[in-house]
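Thanks for coming, everyone. I'd like to walk you through a structure that's new to most of us, so let's put it up on the screen.

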Amino acid sequence: MLLPKLSPNELRGRGMTSQRTRDRMVERLEQQGIQDARVLDVMAAEPRHLFVDEALAHRAYEDTALPIGFGQTLSQPLTVARMTELVLRANPTRVLEVGTGSGYQTLILSRLVPMLYSVERIQALHQRAAERLWRLGAPATLAVADGGEGWQEAAPFDVILLTACAQTLPEALLEQLNHDGVLIAPLEEPDGSQWLTQIKRIGSAFEKRRLEPVRFVPLLQGVVD
């Protein structure tokens, strides 16, 4: 049975989930270097507190990652904003997100790109995210799948965004990029550090650029029922 759309009161929040709290979060994002007004406007409007357990809702707008179960986390607002900015710089039409997780990054992207696909390997997280996104009217196409395999039926993509850290990039993802497409991913270095990395496809070649240090959960294989 489909759940009802969210009410204005649920969207608005109160106290530590109120619009005033969201506005303070956005002010911090600007101070931390987020410049794209589209990203700031969407993050000010959307209810991040609905993407964590109710007991953690009062912390939803803090500058921190929060647990969502199954060893996964909801990335801190700065990380979501930064990765969204990088996606938008490519001016994409068709985007694949690898790792739906809570669905919050999916929500933000869905408001800003024409066609968004998102895969999640953990069935329970997929189901929760699908319900939240449905109730918010977010235009994203979701599936349960091994993220390393991408989404061949929907390829090619202008941008592929990984929300988990890979030791080595799956070949399938690179192959599903458009010939001028961009892959944005946290990658693990030999010393164990993680760097947000941009890989641009130029014909049959790939140009790699390391951007900044990050910390993400690892990209794992297989599907979890």
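I'll go through some strands, a couple of helices, the salt bridges and a few odd backbone spots. Keep in mind that this is a predicted model.

Let's start with strand S4, residues 115-120. How many of the residues of S4 are buried? Five of its six, so to speak a mostly covered strand. On one side, S4 pairs with strand S3, residues 94-98; the two run parallel, joined by five bridges. If you want a spot to click on, find Arg-94, which stands opposite Met-115 in S4. To get from S3 to S4 the chain passes through helix H5, residues 104-110, and that β-α-β crossover is right-handed.

S4 also pairs with strand S5, residues 141-144. That pairing is parallel too, with four bridges. Here the one to click on is Glu-120, whose bridge partner in S5 is Val-144. And there's a helix in this unit as well: S4, helix H6 and S5 make a right-handed β-α-β unit.

Stay with H6 for a moment, residues 123-135. Its 13 residues should span 18 Å at 1.5 Å a residue, and the C-alpha atoms at its ends are 18 Å apart, which agrees. Which residues of H6 are buried? They are Leu-125, His-126, Ala-129, Arg-132 and Leu-133. Look down the helix axis and those buried residues fall within an arc of 135°, so they line one face of H6. There's a textbook point behind that: an α-helix has 3.6 residues a turn, so residues three or four places apart point the same way. As for what covers the buried residues of H6, the list includes strands S1 and S2, helix H5, and strands S4 and S5. Just after the helix, look for Gly-137, which has a positive phi near 65°.

Back to H5, because one residue there deserves a look: Ser-110 sits in that helix and counts as buried, at 5% relative accessibility. What does Ser-110 touch, leaving aside its neighbours within four places in sequence? The contacts are Leu-116, Ala-138, Pro-139 and Ala-140. You can also try a distance on the screen: from Ser-110 to Arg-38 is 12 Å, C-alpha to C-alpha, though the two are 72 residues apart in sequence.

Now the salt bridges. The count comes to five, and I'll show you three of them, starting with Glu-62 and Arg-59, whose closest N and O atoms are 3.0 Å apart. Glu-62 is partly exposed at 30% relative accessible area, and Arg-59 is partly exposed at 30% as well.

Next up, Arg-82 and Glu-212, at 2.7 Å from N to O. Arg-82 is in helix H4 and Glu-212 in strand S9, so this pair ties together parts that are 130 residues apart in sequence. Arg-82 is buried, at 18%, while Glu-212 is partly exposed, at 25%.

The third one is Glu-189 with Arg-210, at 4.0 Å from N to O. Glu-189 lies in the loop between strands S7 and S8, and Arg-210 is in S9, so the pair ties together parts 21 residues apart in sequence. Is Glu-189 buried or exposed? Buried, at 18% relative accessibility. Arg-210, at 48%, counts as partly exposed.

Last stop, the hairpin and the backbone oddities. Strands S1 and S2 pair in the antiparallel sense, over three bridges, and Gly-69 stands opposite Gln-72 in S2. There are two residues between the strands of this hairpin, and Phe-70 takes a positive phi there, near 60°. Phe-70 is a residue other than glycine, by the way, and it is partly exposed, at 45%.

Asn-91 is another non-glycine with a positive phi, near 50°. You'll find Asn-91 in the loop between H4 and S3, where it counts as exposed at 66% relative accessibility.

And finally, where is the cis peptide bond that I wanted to show you? It joins Ala-155 and Pro-156, with omega about 5°. Pro-156 is found in the loop between S5 and strand S6.

That's my tour, so over to you for questions.

Notes
Residues numbered from 1 in each chain as written. Predicted model: local features only at pLDDT ≥ 70, side-chain atom pairs only at ≥ 80, totals over all residues. Heavy atoms only, no water. Buried < 20%, exposed > 50% of the residue type's maximum accessible area, 1.4 Å probe, protein only. Pairing = 2+ DSSP bridges. Right-handed = clockwise from strand over helix to strand, strands pointing away. Salt bridge = Lys/Arg side-chain N within 4 Å of Asp/Glu carboxyl O. Expected span 1.5 Å × (residues − 1). Arc of directions from axis to C-beta. Contact = heavy atoms within 4.5 Å.
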